[in-house]
Amino acid sequence: MAEDQVAARRAKRDFLREEGINPYPDSWKRTHSLTEARELAEGTEGVAVAGRVMLKRQVSKKMIFLTLQDRSGQMQACLRRDTLDAETLRILRRGLDNGDFIGLRGNIWVTRTGEVTLDAVEGVVLSKSLRPMPEKWAGLQDTETCYRQRYLDLLTNEGTRERFRFRSAFVKSIRNYLDDNAFEEVETPILQTKASGALAKPFTSHHNALDMEVTLRIAPETWLKRLLVGGYERVYEFARCFRNEGMDPSHLQDFTMLEYYVAFWSYRENMHFTQELLQHVVQETTGSLQFTCLGQDGSERAVDLAGEWPAVKMTDLIQEKAGIDVTEVRDPAALRDWCKTKGLYDEGLEKMAYPSLVDFIYKRTVRPDLIGPVFVIGHPIELSPLARRSDDKPGITDRFQLLINGWEVVNAYSELVDPDDQRARFEEQAAHRAAGDDEALDTEDDYMLCMEYGMPPASGWGMGIDRMVALITSQSNLRDAVLFPLMRPL
């Protein structure tokens, strides 16, 4: 059936050409969007609009009603013998389909049913669609098709269009807030010689011109911190990041992260600013500090960003929820045995070093139940190779994570600016990597060199944009917050 419809549409395209009409002209000058035209007074003349034909309803050979759609909304248009010349009406009646783009010029007319309508005096096919539109009036419903053919999802589902418009507004609001607070936006490399800035397995590639192996960045952190050495004091980047690890509803291999760094702040000032920033941006973009998230089981969870957000130690949460004190049980073999007795399994469990095991236990036993917003603090130093060691408790770091609906949406800390301490951390990570932990950091000699020139005390921050958008718009899968998620080819 689909092949027959495509053949019929191609025949109509050929018909237009036989009539001397180019079915793909180069432009059309509009005077109004459809929403603007719909607000004009009846009798307004010379109104030129353009849009996709969402519905074609032929009343008779002398009258056709169209529903047009552009980015602003929809409007009815009328093609009739009284105002449109007979030849144009004949061609459009025979050659026009749902899904085609059309340009119309005419006058505003209100029908007997009160519908504001463009009464066309001129009509031009702007692009002939060769495939039929999705048939369901409710819009495209199949989830996989929505991901693979997002253009059809956007075309037929207003909720999808609104979700991605919200994403743009959300990013714009963050950018404006940071700019208003004296931050400077920059860009840093995506192709790197070392995977740095996070505990994650990188994607690798080969640089032909330089004949060397490179990785795609897993985070922009060490590059942004180089700028602190170079004299920047407040710097941020919306960074596309790539991590070659597991995929689930809250993780994608390529994602957008916002990172910023501020000289002379500690993590405590950063926590305060984080709360102010997100409260401002969510209020501005949604009109409220309350929204509903979806849990992993599909249940609704109410989140309220108002007021002060609590801060709780990570090790206390693990002991409370899982019943194990990871500050005392530090032997990797003992932690692996404990995980097995609790039914916690991962294919990489046997290769995990102590920091990865603690993170694994936390993510499996604690994080899913933290609706938040809540700041998780007091991370063991082994989990934070780039974070500053606490002055009061050298075994933990000055770090916080912001948890909402069981998802980590912000990771932040007071930065490690002591180059010797940093080198020792890198060496420890190298030992974990040599033992088989693919997510351990590589030593980054160029970054160490930079640190030795002097880095100011600072605090930095990273937030997953996809995650925040998914949370605020009540989506349970990050793919619903990404326009074109990567899919396995059919």
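Helices and strands here are DSSP runs, numbered from the N terminus; a helix has at least four residues and a strand at least two. The model is predicted.

Start with D100. This residue is found in the loop between α3 (86-95) and β4 (101-110). Is D100 buried or exposed? Its relative accessible area is 0%. Buried means under 20%, so D100 is buried. Which residues surround D100? Leaving out residues up to four places away in sequence, D100 touches R9, G51, R52, V53, G95, S127, K128 and S129. Two of these names return in polar detail. The side chains of D100 and K128 are joined by a polar contact of 2.8 Å. A polar atom of the D100 side chain also lies 2.8 Å from the backbone nitrogen of S129.

Now turn to another aspartate, D398. Its place is in the loop between β15 (374-377) and β16 (399-404). D398 has a relative accessible area of 10%. That value is under the 20% limit, so D398 is buried. Setting aside neighbours within four places in sequence, D398 is in contact with Y267, R388, R389, S390, Y413 and S414.

Next come the sheets. Strands of a sheet pair through backbone hydrogen bonds, either parallel or antiparallel. One open sheet has 8 strands, in the order β6-β10-β11-β18-β17-β16-β15-β14, with mixed pairing. Its edge strands are β6 (184-185) and β14 (311-313), and each pairs on one side only. Look inside this sheet at β17 (residues 407-414) and β18 (residues 458-464). These two strands run antiparallel and are joined by 5 bridges. One pair to find is A412 and its bridge partner in β18, W461.

Another open sheet has 3 strands, in the order β7-β9-β8, with antiparallel pairing. Why is one side of β7 and of β8 left without a neighbour in the sheet? Both β7 (191-192) and β8 (204-207) stand at the edges, each with a single partner strand, so one side of each has no neighbour in the sheet. Strand β7 is joined by 2 bridges to β9 (residues 212-216), and the two run antiparallel. Here L191 stands opposite L216 in β9.

Finish at the surface. Y151, L483 and F484 make a nonpolar surface patch of about 330 Å². F484 lies in the segment after α14 (465-472). Its relative accessible area is 56%. Exposed means over 50%, so F484 is exposed. Compare the aspartates from earlier: D100 is buried, and D398 is buried.

Conventions:
Residues numbered from 1 in each chain as written. Predicted model: local features only at pLDDT ≥ 70, side-chain atom pairs only at ≥ 80, totals over all residues. Heavy atoms only, no water. Pairing = 2+ DSSP bridges. Buried < 20%, exposed > 50% of the residue type's maximum accessible area, 1.4 Å probe, protein only. Contact = heavy atoms within 4.5 Å. Polar contact = N/O pair within 3.5 Å; in protein donor to acceptor, adjacent residues only side chain to side chain. Patch = residues over 30% accessible without salt bridge, like charges linked within 9 Å, V, L, I, M, F, W, Y side chains within 5 Å. Areas by Shrake-Rupley, 256 points an atom, 1.4 Å probe, with all protein chains shown as cover. Salt bridge = Lys/Arg side-chain N within 4 Å of Asp/Glu carboxyl O.
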